[in-house]
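Q: I'd like a close look at one part of this model: how the strands pair up. Start there, then work outward to whatever else is worth pointing out.

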Amino acid sequence: MRERTKQFWHDVGEHFKSRNYIWKFKLQICLPIFIGLLILDIITKQLAFHLLSHDPYAPEVKFLDGFINFKFVINKGIAFGANADNLVATIIGAVLITILAFIVFLYINSKTAAIGLIMITCGGFGNLIDRMWNQGGVVDFLVWILFPPYSIFNLSDTWVTFGVVVLVLAIIIEITRFYRDRARSNCEESIVNNE
């Protein structure tokens with residue numbers, strides 16, 4: 001039993017040492033994406049904070065009428081204001097999800113998945129920064145009015161949403177590649193066996 005345990009940890013160590021982490025791609029492509037999206041998020045939240053009325057009864061500012069308008073709200077919850085009454089759980093959950101997305105980003109070797117994960121990490125990090133500045137709340141200012149569910153959000157929420165979409169696409173691509181390569185391998189194997 002002790003030998004198996006030793007072998008297991010040795011194999012795990014070898015896996016992490018020999019893995020292709022695509023560091024060059026992550027530094028040249030993903031890091032600028034992270035920095036750019038984070039700066040854009042912080043700037044837009046600051047503009048919303050300083051330019052939009054803080055009165056909850058103030059009318060929305062027309063932007064793309066019938067699609068998206070502007071309205072300033074401090075959201076202490078998560079998406080759609082859910083869990084606003086439990087700020088500690090909201091912050092702990094946001095921290096854990098952001099850290100998990102970043103750890104998976106460091107490990108993953110799929111370029112598409114890496115972009116999705118860095119967007120999720122950026123969105124989570126942007127909202128966590130905002131929670132430090134606004135006593136646990138985030139500045140939401142984009143009002144979605146095109147079709148239900150009507151909601152108010154910020155760019156960090158957009159980065160997380162797009163990141164999840166990119167990540168799902170990456171998973172679909174990887175599954176498709178796996179089954180295509182497997183079918184190709186089986187086909188080549190059957191041709192060799194028939195000869």
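A: **The sheet and its surroundings**

Let's start with one pair: the bridge partner of Asn-75 in E3 is Val-138. A quick word on ground rules: this is a predicted model, where local features need pLDDT of at least 70 and side-chain atom pairs count only at pLDDT 80 or more, while totals for chains, interfaces and linings use all residues. Residues are numbered from 1 along each chain as its sequence is written, and side-chain values use heavy atoms, with hydrogens and water left out.

E2 and E3 run antiparallel and are joined by 6 bridges. Two strands count as paired if DSSP finds at least two bridges between them, and the elements themselves are DSSP runs numbered from the N terminus (helices are H or I with at least four residues, strands are E with at least two). Zoom out a little and you get an open sheet of 4 strands, ordered E1-E2-E3-E4 with antiparallel pairing. Who ends up on the outside? E1 (61-64) and E4 (151-153) stand at the edges, each with a single partner strand, so one side of each has no neighbour in the sheet. Neighbouring strands are turned by 45° against each other on average, direction ignored.

Now the E1 end. E1 and E2 (residues 68-75) pair in the antiparallel sense over 3 bridges. Two residue pairs to click on here: Val-61 stands opposite Phe-70 in E2, and Lys-62 stands opposite Asn-69 in E2. As a general reminder, side chains in a regular strand alternate between the two faces of the sheet. The hairpin of E1 and E2 has 3 residues between the strands, and there Gly-66 takes a positive phi near 85°.

So what lies across the sheet? Helix H2 lies across E2 and E3 (138-144), running at about 85° to E3. That angle is between N-to-C directions on a 0 to 180 degrees scale, with axes fitted to C-alpha atoms, for helices over the stretch in contact.

H2 is worth following along its length. Ile-42 sits in it and is partly exposed at 24% relative accessible area; the scale calls a residue buried under 20%, exposed over 50% and partly exposed in between, with a 1.4 Å probe and protein chains only. Leaving aside neighbours within four places in sequence, Ile-42 is in contact with Ile-129 and Trp-133, contact meaning heavy atoms within 4.5 Å. Ile-42 and Asp-130 are 88 residues apart in sequence, yet their C-alpha atoms are 8.0 Å apart.

H2 covers residues 23-51, and Trp-23 lies in it. Trp-23 is partly exposed, with 45% relative accessible area. It joins Leu-27, Leu-31, Ile-35, Ile-39, Ile-43, Leu-47 and Leu-51 in a nonpolar surface patch of about 800 Å². Patch members have over 30% relative accessible area and no salt bridge; nonpolar side chains (Val, Leu, Ile, Met, Phe, Trp, Tyr) are joined within 5 Å, like charges within 9 Å. The areas come from the Shrake-Rupley method with a 1.4 Å probe, and for residues only the protein chains shown count as cover.

Next, the charged side chains. How many salt bridges are there? The structure holds 6, each a side-chain nitrogen of Lys or Arg within 4 Å of a carboxyl oxygen of Asp or Glu. One of them links Asp-181 with Arg-180, with the closest N and O atoms 3.6 Å apart; Asp-181 is partly exposed at 39%. Salt bridges with shared partners tie Asp-41, Lys-45 and Asp-130 into one network.

In helix H5 (residues 155-194), Glu-174 and Arg-177 are 3 residues apart, about one turn of the helix. Their salt bridge brings N and O to 3.2 Å at the closest. Glu-174 is partly exposed at 36%, and so is Arg-177 at 41%. In helix H1 (residues 2-18), Lys-17 and Glu-14 are likewise 3 residues apart, about one helical turn, with closest N and O atoms 4.0 Å apart in their salt bridge. Lys-17 counts as exposed at 68%, whereas Glu-14 is partly exposed at 36%.

Last stop, back in H5: Ala-170 lies there and is buried, at 3% relative accessible area. Beyond its neighbours within four places in sequence, Ala-170 is in contact with Ser-110, Thr-112 and Ala-113. Ala-170 and Ser-110 are 60 residues apart in sequence and 7.6 Å apart in space, C-alpha to C-alpha.
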